[in-house]
Amino acid sequence: EHNDILLQSRVIERTAELEDAHRSLLRHHDYLQSLIDRVATALCTLVPVFDGAEIVDFRFRMSNEAYARYSGKPPESIAGKLVSLVFPGYRQTDAFEKYKETWITGLVNQWDLHYNHDQLDVHLNITASRMGAEVVVNITDFTKVKALELELLAKIDALERSNSYLEEFAHAASHDLKEPIRKIHTFSERLKVKLTPLMDERDRDMFGRLESASHRMDALIEDLLTYSQVSLKAMDKEMVDLNAKVSAVLTDLEVVIEETHAVIEVQALPVIAGYPRQLQQLFQNLLSNALKYRRPDIAPHITVSAETASPAQLDMLLPTADRSATWHLVVVTDNGIGFEQQHAERIFRMFERLHARAEYGGTGIGLSIVQKVAQNHGGLVRADSVPGEGTRFSVLLKGS
C-alpha cells in the first residue's frame, strides 16, 4: 500500500512536470509565433512527407501571418496541413521541386515565381534553406513593383512606337514636299527670266524674297530629312575612321573654306564602332557651324582633335558611362563669335536660334543632329563658349 501511494505521488509529480513543460512549450511556441508574425515578409517552415524513400509532398509546421494571408486563413489553421491541400497549384510550379532539392542537398535555393493559381496572381521572390529536418521558406512579394515595371515597359513601348511614327511621318512628309519645292524653284526661275525686262525695283525685290523663302524651305526640308534618318539609326555598326569622315567633310566645304580663308587643323582621330553616315553628318554640322558663326574681321581658325576620355572626364560628362568600354572625346574649337554660356543647352534644341536669320542663315536643326548622333553612339555633346572668343564643342563617343 505504501508503494502504491508512493507510485501515485510520483505519477502526480511527473504529470505536473509534463503539464508545466507543455505550458512552457506552448508559451515558447506562442512567443515564436508572435516573433515570426512581426516579420513583414512571408515565412513558413515545411517538413517533408515520404512515400517510402521518396518525398511526395510537404507539410506546414509553422507559418507567419504574412504567409498564411495567401491562403486566406490564420497561421494556426494551416499548421500540420499538406501544402498541396492548402495551395493545390504549387505542384504546377517549380516550387515543390525546389523545396525537395533544398531538403535533399542542403543548398540554399532562391528564385522568382509568378504564382497564378488558387485565385492568386502574385510575383514572388522565394528563398528556401534547410534547417535540421525542415525547409525554411522566406517569400518577398514584389507584385506591386512588377506591376509598375510592366506599366513602365508598356509606356516605353508606346512612346517608342509614337516616336517611330512621328519620325516616319517627318521623313515621308519631308520627302513628299521636295517635289513641290523643286517646281517652285523651276517655275519662279522661268518667270524671273521672262519678266525681268518688265520688272521694276519693287518687283525684283518680291522675286528675291520668293527665291529666298523657297531656298530656306528647301534647306529646312533637307535638314528634316537628315534628322529623321539620324533618328531611324541603322541596326549594325561598322568600324569608322573619323579621319576619313572629316576629310570628306572638308572636301564638301572647300569652297566656303577658301572664301573665308579659314585655317582648319585636324589632329589624329580614332577609329570607332559606329554609323558612318551619321558620323559624317556630325562633323559636317560642327564644321559648317564653326565656319558660319565666324567674326567678320577675323579668318576662322578651327581645330579638330581627339583623346581617350579619362575617368575624371567621364565623371564630369557622363557619370553613368560603362567603364569597361573605351570612350573618345572629340573636340572641335573655333575662334568665332561665341555665345553666352547660359544658352549652351538652347543651341541643341530643334529650330532654336540665338541670332536673327538675317544675320546668319540656317534652319536651327544642325546642332540637334549633332546631339542625336552623339546619343546614338552612347555619348553626348557639350558646348562651352565665351562671346567674342569662340566655342568649344566636346563630343563624347563610345569607341567599343
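At 12% relative accessibility, T45 counts as buried (under 20% relative accessible area, with over 50% termed exposed and values in between partly exposed; 1.4 Å probe, protein chains only). The structure is a predicted model, in which local features require pLDDT of at least 70 and side-chain atom pairs count only at pLDDT 80 or more, whereas totals for chains, interfaces and linings use all residues. Residues are numbered from 1 along each chain as its sequence is written, and side-chain values use heavy atoms, with hydrogens and water left out.

T45 is part of strand 1, which spans residues 42–51 (strands are DSSP runs of E with at least two residues, helices are runs of H or I with at least four, and both are numbered from the N terminus). Setting aside residues up to four places away in sequence, T45 is in contact with R59, F60, R61, M62, E134, V135 and V136, contact being defined as heavy atoms within 4.5 Å. Of these residues, V136 is the bridge partner of T45 in strand 5; strand 1 and strand 5 (residues 134–141) run antiparallel and are joined by five bridges.

The open sheet to which these strands belong contains five strands in the order 2-1-5-4-3, with antiparallel pairing (two strands pair if DSSP finds at least two bridges between them). Strand 2 (54–63) and strand 3 (109–115) occupy the edges with a single partner strand each, so one side of each is left without a neighbour in the sheet. On average, neighbouring strands are turned by 30° against each other, direction ignored. Helix 5 (residues 95–105) packs on this sheet and touches strands 1, 2, 3, 4 (122–131) and 5, its direction making about 90° with that of strand 2; axes are lines fitted to C-alpha atoms, for helices over the stretch in contact, and angles run from 0 to 180 degrees between N-to-C directions.

Strand 4 is joined to strand 5 by eight antiparallel bridges, with I126 standing opposite I139 of strand 5. The hairpin of these two strands has two residues between them, and G132 there takes a positive phi near 65°. Strand 3 and strand 4 are also paired in the antiparallel sense, over seven bridges, and N109 stands opposite A128 in strand 4. In their hairpin, which has six residues between the strands, D118 adopts a positive phi near 55°.

Outside the sheet, L152 lies in helix 6 (residues 143–195) and is exposed, with a relative accessible area of 51%.
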